[in-house]
Amino acid sequence: MATYYVKWKIEVEAESALEAALEARRIQLDPNSSAVVYECRKTTSAICEYIDFLKRIELCGAFK
């Protein structure tokens, strides 16, 4: 079994970093959220994939 780095990134407006994290977590837990895109890369590779649960899988460049 491989080990992966997984990134989930969104923009939120907030008054503080804590509020931003709380809002992101609320969105993450919302079953109706469309924020379902993840950037995944094996820890041993520079190639990553975007996994979008509403669309399709896409390859991307080096992990940023």
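**Figure 1. Here is the whole protein chain, with one helix and four strands.** Welcome to this predicted model. Starting from the N terminus, the elements follow one another in the order β-α-β-β-β. The protein chain has 64 residues, and 17% of them count as buried. The views that follow visit the strands, a pocket, two charged residues and the helix.

**Figure 2. Strand β2 pairs with β1 and with β3.** Strand β2 covers residues 37-42. Four bridges join β2 to β1, and these two strands run antiparallel. Strand β3, residues 47-52, also pairs with β2 in the antiparallel sense, this time over five bridges. To get from β2 to β3, follow the hairpin, which joins them through four residues. A few partners help you find your way: arginine 41 of β2 is the bridge partner of tyrosine 5, and arginine 41 also stands opposite cysteine 48 in β3. For cysteine 40, the bridge partner in β3 is glutamate 49. As you look along a strand, keep one general point in mind: in a regular strand, side chains alternate between the two faces of the sheet.

**Figure 3. Glutamate 39 is a buried residue without a salt bridge.** You will find glutamate 39 in strand β2. Which side chain of opposite charge is nearest to glutamate 39? That side chain belongs to lysine 7, and it is 4.1 Å away. A salt bridge needs a nitrogen of Lys or Arg within 4 Å of a carboxyl oxygen, so the 4.1 Å between lysine 7 and glutamate 39 does not qualify. Glutamate 39 does have a partner of another kind: its side chain and that of tyrosine 50 are joined by a polar contact of 3.0 Å.

**Figure 4. The largest pocket has a volume of about 170 Å³.** Eleven residues line this pocket, and the closest to its centre are Lys7, Lys9, Val37, Glu39 and Tyr50. Three names from the previous view return here, as Lys7, Glu39 and Tyr50 are among those closest to the centre. Which element gives the most to the lining of the largest pocket? The answer is β2, with three residues.

**Figure 5. Arginine 41 is also buried and has no salt bridge.** Like glutamate 39, arginine 41 has its place in strand β2. How far from arginine 41 is the nearest side chain of opposite charge? Glutamate 39 is that neighbour, and it is 6.6 Å away. Now look for serine 45: its backbone oxygen lies 2.5 Å from a polar atom of the arginine 41 side chain. Threonine 3 is another residue to look for in this view. Threonine 3 and arginine 41 are 38 residues apart in sequence, while their C-alpha atoms are 8.5 Å apart in space. Threonine 3 is found in the segment before β1 (4-7), and it counts as exposed because its relative accessibility is 53%.

**Figure 6. Helix α1 holds the salt bridge between arginine 26 and glutamate 23.** In general, side chains of opposite charge can pair when their charged atoms come close. How many salt bridges does the model count? The count comes to one. Here the side chains of arginine 26 and glutamate 23 meet, with 2.7 Å from N to O. Both residues lie in helix α1 (residues 17-29), three residues apart, which is about one turn of the helix. Arginine 26 counts as partly exposed because its relative accessibility is 46%. Glutamate 23 counts as partly exposed too, because its relative accessibility is 26%.

**Figure 7. Two pairs show residues of β2 with partners from elsewhere in the sequence.** Tyrosine 38 has its place in strand β2. Tyrosine 38 and tryptophan 8 are 30 residues apart in sequence, and their C-alpha atoms are 5.0 Å apart in space. With a relative accessible area of 21%, tyrosine 38 is partly exposed. The other pair is isoleucine 10 and valine 37, which are 27 residues apart in sequence and 9.3 Å apart in space, C-alpha to C-alpha. Where does isoleucine 10 lie? Look in the loop between β1 and α1. Isoleucine 10 is partly exposed, because its relative accessible area is 31%.

Terms used:
Residues numbered from 1 in each chain as written. Predicted model: local features only at pLDDT ≥ 70, side-chain atom pairs only at ≥ 80, totals over all residues. Heavy atoms only, no water. Buried < 20%, exposed > 50% of the residue type's maximum accessible area, 1.4 Å probe, protein only. Lys, Arg positive; Asp, Glu negative; His and termini not counted. Polar contact = N/O pair within 3.5 Å; in protein donor to acceptor, adjacent residues only side chain to side chain. Pairing = 2+ DSSP bridges. 1 Å grid on protein atoms, 1.4 Å probe; cavity = no way out; pocket = protein on both sides within 12 Å on 5 of 7 lines; lining within 4 Å. Points joined across faces, edges and corners; volume = space filled by probe spheres on them.
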